Amino acid sequence: MDSQVCGDGRLLDLIDEIWHKERLPIDDISVPIAELPDPESDNGDSHMTLKELEQKWNNLALGTLSENHLHSPTPSHNLKMEFPNIGARCSIKDCKQLNFLPFECNHCHDLFCKEHFHISSHKCLSFKDKITYTKIKASSYTCSEEFCKEMSPIEMQCIKCKKHFCLQHRYHGCLEYTNEEKTTKLKKWQIPKKQFAEAKAIVDEEISNTLKKSKNTAMANKVRLMRLKGSAVGVKNIPMNERCYFLVYLPITISNKHIGSSKSIYVNINWTIGKAIDSIADILKISNNNNLAKACKLQLFHYATGVLICNEMNMLLTKLFENSELIDGQSIILEYSNSTFVDYTLYK
């Protein structure tokens with residue numbers, strides 16, 4: 001019999017202890033959730049998967065709805081339209097949609113729904129009949145310059161010769177002046193310039209005379225100082241609160257067309273009179289040989305009297321201001337002289 005063990009032959013042990021201990025990787029097998037049974041089943045359908053349960057309930061619901069529909073009578077008012085006399089139907093034969101607010105075409109005056117109200121949607125024939133075509137002739141302008149055939153749709157006329165020119169020849173010499181015209185206009189323009197210079201000189205002289213004759217010396221000095229500050233030059237790194245201003249008259253032997261006979265200059269009030277002279281000479285670009293013993297030295301004199309201000313070059317300007325020998329905004333004379341007096345009338 002087959003169940004009897006055959007004693008003859010060799011026996012091979014195919015199942016060992018390692019095979020008994022091995023387990024299949026259950027956790028690695030991915031099963032869709034719909035194919036698994038419901039873990040919280042309470043109605044005895046634990047053997048059915050979630051997908052089968054869902055299909056079961058769907059079939060049950062559809063069957064219930066079908067039975068209710070067959071046995072329940074249809075209301076008579078549902079078979080009739082609620083507002084049959086309100087609105088209008090679309091004029092398109094294939095549409096005939098009822099619209100409570102239909103659209104009227106402005107050309108054919110038919111009523112349409114929102115999908116066919118546009119002239120392109122219902123192919124309005126009345127609109128095509130009203131279309132008129134007009135031909136507009138485009139104008140072009142040819143450049144008036146000789147040998148130039150440039151054409152432009154916009155006319156650009158010269159304000160003098162009233163001819164059209166292209167952009168390249170818009171400066172065609174029509175508005176240029178001849179040499180005679182230029183000379184005439186230049187002379188014409190120089191007349192008011194000369195008149196202004198003469199009037200300015202007269203006004204400046206009147207102001208100067210008024211300041212000299214003014215009884216209010218303090219006010220006159222303030223006005224003179226304000227005028228000097230407007231045109232004064234000097235070393236720019238001098239602080240504003242340390243500047244003192246003078247109207248310096250140049251030496252008679254020096255002539256400078258750009259500067260004139262006098263120039264407004266400011267120096268540092270804390271400087272010595274020698275350093276102030278050096279700074280003024282540098283600004284006016286005047287030769288200064290005060291460092292030479294036998295040379296004729298530059299010195300400062302009072303403009304009103306011609307008297308030497310100070311013969312000590314190391315004297316501080318602050319002391320001269322304290323002693324009222326100098327006033328801020330005062331006119332002084334810068335001259336080559338070794339004496340203590342100069343003829344002040346030569347500088348008037």
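The exercises below, each with a worked solution, concern a predicted model.

**Exercise 1. The order of the sheet**

Determine the order of the strands in the open sheet and find which strands stand at the edges.

Solution. Begin with the order: the sheet is open, has 4 strands and reads S8-S7-S10-S9. The pairing is mixed. Next, look at the ends of that order. Strand S8 (262-268) and strand S9 (298-302) each have a single partner strand, so one side of each is left without a neighbour in the sheet. From one strand to the next, the twist averages 40 degrees.

**Exercise 2. The pairings one by one**

For each pair of neighbouring strands, give the direction and the number of bridges, with a residue pair as an example.

Solution. Step 1: S7 and S8 run antiparallel and are joined by 7 bridges. Here Arg243 stands opposite Asn268 in S8.

Step 2: S7 and S10 run parallel, with 4 bridges between them. The bridge partner of Val248 in S10 is Ile332, and that of Tyr249 is Ile333.

Step 3: S9 and strand S10 (residues 330-336) are antiparallel and share 5 bridges. Leu298 stands opposite Tyr336 in S10, while His302 has Ile332 as its bridge partner there.

Step 4: compare the examples. Ile332 is a bridge partner of Val248 and also of His302.

**Exercise 3. What covers the strands**

Establish how many residues of S7 and of S10 are buried, and which helix packs on the sheet.

Solution. Count in S7 to start with: 7 of its 7 residues are buried. Then separate the two faces. Arg243, Tyr245, Leu247 and Tyr249 lie on one side, with Cys244, Phe246 and Val248 on the other, and both faces are covered. In S10, 6 of the 7 residues are buried.

Now turn to the helix. Helix H6 (residues 273-284) packs on the sheet and touches strand S7 (243-249), S8, S9 and S10. The direction of H6 makes about 135 degrees with that of S8.

**Exercise 4. Aromatic pairs that involve S7**

Classify the pairs Tyr245 with Tyr266 and Tyr249 with Tyr303 as stacked or tilted.

Solution. The model has 4 aromatic pairs. In the pair of Tyr245 and Tyr266, the centres are 5.7 Å apart and the planes make 55 degrees, which is tilted. This pair links strand S7 to strand S8, across 21 residues. Both Tyr245 and Tyr266 are buried.

In the pair of Tyr249 and Tyr303, the centre-to-centre distance is 4.3 Å and the angle between the planes is 10 degrees, a stacked arrangement. Tyr249 is in strand S7 and Tyr303 in the loop between S9 and helix H7 (317-322), 54 residues apart. Tyr249 and Tyr303 are both buried.

**Exercise 5. The nonpolar cores**

Identify the residues that touch the most other members of the largest nonpolar core, and the elements that supply it.

Solution. The largest nonpolar core has 38 residues, of which Val267, Leu317 and Leu334 touch the most other members. At least two residues of this core come from each of helix H5 (217-231), S7, S8, H6, S9, H7 and S10.

Take Leu334 as a case. Beyond four places away in sequence, Leu334 touches residues including Val248, Tyr249, Ile277, Ile280, Leu284, Leu298 and Leu300. Another core, of 6 residues, lies apart from the largest one; Cys143, Cys148, Phe165 and Cys174 are among its members.

**Exercise 6. Cysteines and His116**

Decide whether Cys158 is bonded or not bonded to Cys161, then describe the surroundings of His116.

Solution. The cut-off for a disulfide is a sulfur-sulfur distance within 2.5 Å. The cysteine sulfur closest to that of Cys158 is in Cys161, at 3.6 Å, which is too far for a bond. The structure as a whole holds 0 disulfides.

Accessibility comes next, where buried means under 20%. Cys158 has 9% relative accessibility and therefore counts as buried; Cys310, at 12%, is buried too.

His116 is in the loop between strand S4 (111-112) and helix H3 (125-129). At 18% relative accessibility, His116 also counts as buried. Leaving aside residues up to four places away in sequence, His116 touches Cys90, Ile92, Cys95, Ser121 and His122.

Technical notes:
Residues numbered from 1 in each chain as written. Predicted model: local features only at pLDDT ≥ 70, side-chain atom pairs only at ≥ 80, totals over all residues. Heavy atoms only, no water. Pairing = 2+ DSSP bridges. Axes fitted to C-alpha atoms, helices over the stretch in contact; angles between N-to-C directions. Contact = heavy atoms within 4.5 Å. Buried < 20%, exposed > 50% of the residue type's maximum accessible area, 1.4 Å probe, protein only. Phe/Tyr/Trp six-rings, centres within 6.5 Å; stacked < 30°, edge-to-face > 60°. Core = buried A, V, L, I, M, F, W, Y, C linked by side-chain atoms within 4.5 Å.
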